[in-house]
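User: I am new to this structure and would like a guided look at it. May I put some short questions to you?

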Amino acid sequence: MNDLQALLDQVLERAETGEGLEVFGLDETETTVSAREAAVESLTSARTRGVGMRVVNDGRVGYASTADLSETALGETLEQARTNARVTSPDEANVLAEPAEPEPLPGLYEPDAETVAAEFKVDLALELEAAAASAAPPIRGVDVARYGDALTTAAIASTTGVRAAYRRSDAYVLVEVLAERDDATMSAYGLAMARRPHALDVRAAADEAVQRATRIVGGSKPDSAKMVVIFDPFVTASFLGVLASALTAEAVQRGRSLFAEKVGERLGPEHLTLIDDGRHPDGPASAPWDGEGVPTGRTRLLDAGVLRGFLHNTYTANRGDTTSTGNASRAGYKGPPGLSPTNLYLEPGSRSQSELLREVGTAFYCQQVMGLHSGANPVTGDFSVGAAGAMVRDGAFAEPVREVTVAGTIPTILEGITAVGADLRFLPFGGGMGGLTLVVEGMTLAGA
């Protein structure tokens with residue numbers, strides 16, 4: 001980590017008078033193991049190292065990056081960033097972040113994750129595949145059984161005085177099983193995440209995939225009706241991804257958010273609180289600072305159902321005459337920072353999923369959605385997606401349901417959320433989304 005920070009400091013020394021320069025460095029090693037039919041299908045390990053440079057001069061921005069960390073290549077990359085800045089249009093909102101000391105984030109990095117043998121990782125993948133493959137019918141096979149991990153070092157330095165670095169470790173197992181019944185085949189995932197390989201619960205991930213696939217395989221279209229719909233935690237996480245795209249200041253400033261003029265208005269019931277927390281201990285996107293070196297934090301977007309604001313990076317904050325919420329995001333070192341949520345979730349309630357099922361009477365449990373990106377529009381608020389799941393009757397899962405459409409609007413979904421489950425878990429969707437059980441009234445189920 002110190003070596004990467006020192007490298008950025010050396011680049012920063014080349015900044016010209018009056019020039020804003022930000023240097024971001026990344027050093028990441030990723031390992032992936034896939035298993036199939038009790039054998040290792042593939043094992044890959046790759047290291048990515050590189051530096052990105054952002055130059056700001058009179059409101060003009062240029063960016064360039066390099067994986068060659070030699071002194072010559074770094075100098076050439078800086079000159080390329082300067083050249084790129086000269087041909088862009090000026091914008092007074094283009095400024096670099098001011099320095100602020102981020103608080104440490106304990107638990108983000110587990111040192112022993114570096115020393116885990118490849119054999120142990122292989123064993124986890126094989127154990128995962130075996131656990132899922134041994135399930136009884138209707139499970140008929142395993143399509144994906146994968147172990148993965150990443151060891152990441154990130155650092156940043158700028159002429160404004162930003163200077164920070166952190167390390168993080170991540171590990172996961174993912175399995176997809178196939179179930180078959182009545183000439184119909186369905187698949188479902190199981191997932192476990194942790195900061196270190198030894199903390200992964202392989203059996204729980206396999207059991208989750210088997211249970212989810214078994215629940216929805218077979219079945220038919222139900223009659224069309226307006227009814228209570230229960231969002232599975234995976235579906236809730238996907239819905240929050242759609243919601244998030246309407247809650248960024250970038251979307252608002254570009255006229256692409258249905259919430260643009262609604263700050264201070266009630267969008268949902270009092271038990272609905274939506275939080276973006278870049279420091280959540282369980283969040284897959286947690287870090288002490290964001291893609292510009294701004295300390296991350298906890299932002300209440302909906303507070304007891306009332307819209308309080310939007311997510312900002314430094315650019316949108318300057319345009320909106322406010323402060324960054326620490327939501328500048330980077331996909332790597334090759335591009336400049338953007339804007340995205342970091343661990344977005346609904347504040348969980350007090351009741352388990354089983355308790356919520358007992359309360360609803362008859363409902364549709366929506367476990368899978370298809371065509372979400374085309375069927376859910378964060379600009380108009382329209383929401384109409386293909387779905388599969390199961391009916392809920394007398395407090396228990398009943399017959400499976402497939403080939404249906406669940407429809408409503410984003411505002412009516414928010415207004416219709418009558419209960420929020422206690423089963424919060426984070427899923428690695430689009431900046432880390434919190435999944436939990438949601439009970440939504442007034443949606444339309446279009447079937448036969």
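**A first walk through the model**

Analyst: Phe 239 is a good starting point: this residue is buried, with a relative accessible area of 2%. Please keep in mind that the model is predicted.

User: Which ring does Phe 239 pair with, and how are the planes set?

Analyst: The partner is Phe 383; the ring centres are 5.8 Å apart and the planes stand at 80°, so the pair is edge-to-face. The two residues come from distant parts of the chain, with Phe 239 in helix α5 (residues 233-245) and Phe 383 in strand β15, 144 residues apart.

User: And Phe 383, buried or exposed?

Analyst: Phe 383 is buried, at a relative accessible area of 4%. Together with Phe 231, the residues Phe 239 and Phe 383 make up one aromatic cluster.

User: What about the nonpolar core: which residues touch the most other members?

Analyst: The largest nonpolar core has 53 residues, and those touching the most other members are Phe 231, Phe 239, Leu 243, Phe 259, Leu 274, Phe 364 and Leu 414. Helix α5 supplies the largest share of this core, eight residues. In soluble globular proteins, nonpolar side chains tend to be buried together.

User: Which residues does Phe 259 touch?

Analyst: Leaving aside residues up to four places away in sequence, Phe 259 touches Leu 243, Ala 246, Leu 247, Leu 267, Leu 307, Phe 310, Ile 410 and Leu 414. Apart from the largest core lies another one, of 31 residues, among them Leu 124, Ala 145, Ala 171 and Ala 179.

User: Back to aromatics. How many pairs are found in the whole structure?

Analyst: A search of the whole structure finds five aromatic pairs. In one of them, the rings of Tyr 166 and Trp 289 have centres 5.0 Å apart and planes at 70°, so this pair is edge-to-face. Tyr 166 lies in strand β5 (residues 163-181), while Trp 289 lies in the loop between β8 (274-277) and β9 (298-303), 123 residues away.

User: Why do Tyr 166 and Trp 289 count as buried?

Analyst: The cut-off for buried is under 20% relative accessible area. Tyr 166 is at 15% and therefore counts as buried, and Trp 289, at 3%, is buried as well.

User: Where do charged ends sit over rings?

Analyst: One case is Arg 215, whose charged end sits over the ring of Phe 397, 4.2 Å from the ring centre. Another is Arg 330, which lies over the face of Phe 24 at 4.2 Å from the ring centre.

User: Let us change topic to helix α4. How far apart are its end C-alpha atoms?

Analyst: The end C-alpha atoms of α4 (residues 202-216) are 22 Å apart. This agrees with expectation, because 15 residues at 1.5 Å a residue should span 21 Å.

User: What is found at the start of α4, and what comes just after the helix?

Analyst: At the start, a side-chain oxygen of Asp 201 comes to within 3.5 Å of the backbone nitrogen of Arg 203. Just after α4, Gly 218 has a positive phi of about 80°.

User: Which residues of α4 are buried?

Analyst: The buried residues of α4 are Val 202, Ala 205, Ala 206, Glu 208, Ala 209, Val 210, Arg 212, Ala 213, Arg 215 and Ile 216. Arg 215 in this list is the residue whose charged end sits over the ring of Phe 397.

User: And α2, what do its buried residues pack against?

Analyst: They pack against α1 (2-12), β1 (20-36), β2 (39-57) and β3 (60-66). The buried residues in question are Ala 73, Leu 74, Gly 75, Thr 77, Leu 78, Ala 81, Arg 82 and Ala 85.

User: Which residues other than glycine have a positive phi?

Analyst: Two examples are Asn 343, with phi near 60°, and Asp 394, with phi near 55°. Asn 343 is in the loop between β12 (338-339) and β13 (344-346), and Asp 394 is in the loop between β15 (382-393) and β16 (396-409).

User: Are those two residues buried or exposed?

Analyst: Asn 343 counts as buried, at 0% relative accessibility, whereas Asp 394 is exposed, with a relative accessible area of 80%.

User: Finally, where is a cis peptide bond?

Analyst: The peptide bond from Pro 137 to Pro 138 is cis, with omega near 15°. Pro 138 is placed in the loop between α3 (118-133) and β4 (139-158).

Conventions:
Residues numbered from 1 in each chain as written. Heavy atoms only, no water. Helix = DSSP H or I, 4+ residues; strand = E, 2+ residues; numbered from the N terminus. Expected span 1.5 Å × (residues − 1). Buried < 20%, exposed > 50% of the residue type's maximum accessible area, 1.4 Å probe, protein only. Polar contact = N/O pair within 3.5 Å; in protein donor to acceptor, adjacent residues only side chain to side chain. Phe/Tyr/Trp six-rings, centres within 6.5 Å; stacked < 30°, edge-to-face > 60°. Lys NZ or Arg CZ within 6 Å of the ring centre and 35° of its normal. Core = buried A, V, L, I, M, F, W, Y, C linked by side-chain atoms within 4.5 Å. Contact = heavy atoms within 4.5 Å.
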